[in-house]
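Student: Could we go through some of the labels people put on residues? I'd like to see the reasoning behind each one.
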Amino acid sequence: MKAIIIGSGLGGLLSAAKLSKAGYEVDVFERLPIIGGRFTNIQYKGFELSTGALHMIPHGPTGPLARLLEEVGANVKIIRGKPVTVIRITRKRGDTDYKFGYKDLLFENFKTPFSILNRIKLMYYAISTRKDPPTGKSFEQWCKEHLDQDWTYRISDAFFGWSVSLRGADVPVEEAFAIIENLYRYGGPGVPMGGCKAVTDALVDVIRAHGGNIHTSSEVTGLKTVDSKVTGIIANGFEHNANIVISNIGHPETARMLSETTGINGLKAYLEKVSELKPSAGIKICIQSDKPLIGHGGVLLTPYAKRVNGINEVTNIDPALSPEGKHLTMSHQCVHWSDLDNLEKEIELGLEDIKEIFPEKEYEVLMIQSYSNGWPVNRSSSGADLKGTTPLSNLYVVGDGAKGKGGIEVEGIALGVRETLHNILGKEML
Amino acid sequence: MQSDGESMKVNKNCVGCGQCAAFCIVDAIDIKGKAIITCTCTDCRKCIPYCPVKALEA
């Protein structure tokens with residue numbers, strides 16, 4: 001059996017590793033000269049920056065991605081920092097920014113700033129929402145109806161902005177509760193030693209060890225179909241046949257290659273659904289400093305910043321990600337779709353935030369990276385993901401445009417890959 | 001075929017991901033919301049294939 005994978009991002013490599021291990025003949029086609037998509041490293045001024053993700057795995061060594069990596073035999077060490085997550089709040093209740101000082105709160109104590117009444121309500125909702133999960137509205141709307149307090153919106157915007165690059169108002173309540181549930185089930189984030197590239201490199205090793213090939217600088221421009229099946233792809237002008245094709249380039253790009261195909265059941269409805277998908281956008285500011293700005297390898301959530309949702313300093317866990325004696329700190333801020341035309345202003349607000357969050361600290365901005373549209377944070381914003389199937393029975397989609405329910409970023413990719421591979425391989429996958 | 005960097009262009013596809021800047025061998029690309037080609041550019045075109053959204057044109 002032969003499988004072709006379009007795109008060598010994390011979803012493509014995970015699928016290729018699993019299939020090559022299951023005995024498939026696997027060829028991965030990658031348009032760029034580098035492997036790893038938005039989950040690898042780029043070297044800049046001696047620092048290991050990244051093409052996308054912030055060198056972090058949302059559920060660390062015990063999450064769905066770590067489990068899948070272990071299953072395929074990818075050798076990656078993921079370290080969970082201590083503290084795992086810290087929330088920076090204002091020094092005094094009632095302050096609305098960090099200008100007059102701050103206090104750091106362990107994530108476990110996120111309930112402290114709630115009113116006594118809301119703390120009691122929270123205990124009740126923690127049980128009742130599990131039994132009967134709310135549906136049909138945004139997380140923010142649910143909060144308005146149940147926990148209406150300034151802190152509710154701040155902490156939910158910071159948390160969802162950091163984890164899925166969306167505001168609480170843009171996360172469906174079903175997805176928000178699934179994410180919270182997973183947080184309790186799997187635990188908090190960790191850093192892969194060596195950064196994102198350590199993960200994708202380990203997968204490449206697995207694929208090659210099982211006879212698979214990865215072709216870089218090889219753009220797939222078309223799909224070959226017969227009736228309701230895909231029979232192969234066209235890359236760099238050459239045809240390659242396959243029994244199954246897995247696309248890691250998102251539903252819209254995959255659909256585009258099918259748009260002129262006729263006679264496929266359900267294609268029109270699929271194209272319509274795909275056209276409604278909205279990628280999520282964000283800005284990452286990469287900072288270098290001699291002394292640590294955060295001082296631990298966990299996440300610092302910043303609910304009182306204007307734009308920045310959270311920051312990490314991965315060199316507290318893996319010092320090799322920066323030149324000796326230097327630290328690498330990265331902030332993330334969600335960019336709302338209505339602000340995409342004013343990216344420069346959004347960047348300025350992010351830079352002002354960092355100044356306020358780290359007063360009197362010395363640092364230098366290395367690079368400001370933004371992600372949207374064709375190279376986004378997520379190809380499909382969380383909660384709106386389509387399944388990994390297409391109207392063609394042997395054509396699948398994986399990646400951050402087909403994340404599994406409640407899966408933050410790469411954890412969602414791992415959950416989506418698991419479901420798709422289960423469809424292909426059946427029970428042997430479990 | 002090297003000139004003074006006047007022919008490299010950034011088209012509207014650019015999202016500002018900075019990938020080109022990391023692969024530029026003369027540090028000629030600034031990033032702020034999108035890529036900005038500075039006068040240091042030698043038109044070597046090495047950055048072009050690294051752009052994930054085909055935003056670089058010579």
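Tutor: Sure! Buried means under 20% relative accessible area, exposed means over 50%, and partly exposed is in between. Keep in mind that this is a predicted model.

Student: Why is B:Cys44 called partly exposed?

Tutor: Its relative accessibility is 28%. That value falls between the cut-offs of 20% and 50%, so B:Cys44 counts as partly exposed.

Student: And what makes B:Cys17 buried?

Tutor: B:Cys17 has 8% relative accessibility. The cut-off is under 20%, so B:Cys17 counts as buried.

Student: How do you know that B:Cys17 has no bond to B:Cys51?

Tutor: The closest cysteine sulfur to that of B:Cys17 is in B:Cys51, 6.3 Å away. A disulfide needs the sulfurs within 2.5 Å, so this is too far for a bond. B:Cys44 is in no disulfide either, with the nearest cysteine sulfur, in B:Cys24, 6.4 Å away. Over all chains, the count is zero disulfides.

Student: Now the rings. Why are A:Phe139 and A:Trp142 called stacked?

Tutor: Their centres are 6.2 Å apart and their planes 15° apart. Ring centres within 6.5 Å make a pair, and planes under 30 degrees apart make it stacked, so the label fits. Both residues lie in helix α4 of chain A.

Student: What makes the pair of A:Phe139 and A:Phe160 edge-to-face?

Tutor: Here the centres are 5.2 Å apart, with 65° between the planes. Over 60 degrees counts as edge-to-face, so that's the name. A:Phe160 sits in helix α5 of chain A, 21 residues from A:Phe139.

Notes:
Residues numbered from 1 in each chain as written. Chains lettered and ligands numbered in written order. Predicted model: local features only at pLDDT ≥ 70, side-chain atom pairs only at ≥ 80, totals over all residues. Heavy atoms only, no water. Buried < 20%, exposed > 50% of the residue type's maximum accessible area, 1.4 Å probe, protein only. Phe/Tyr/Trp six-rings, centres within 6.5 Å; stacked < 30°, edge-to-face > 60°. Helix = DSSP H or I, 4+ residues; strand = E, 2+ residues; numbered from the N terminus.
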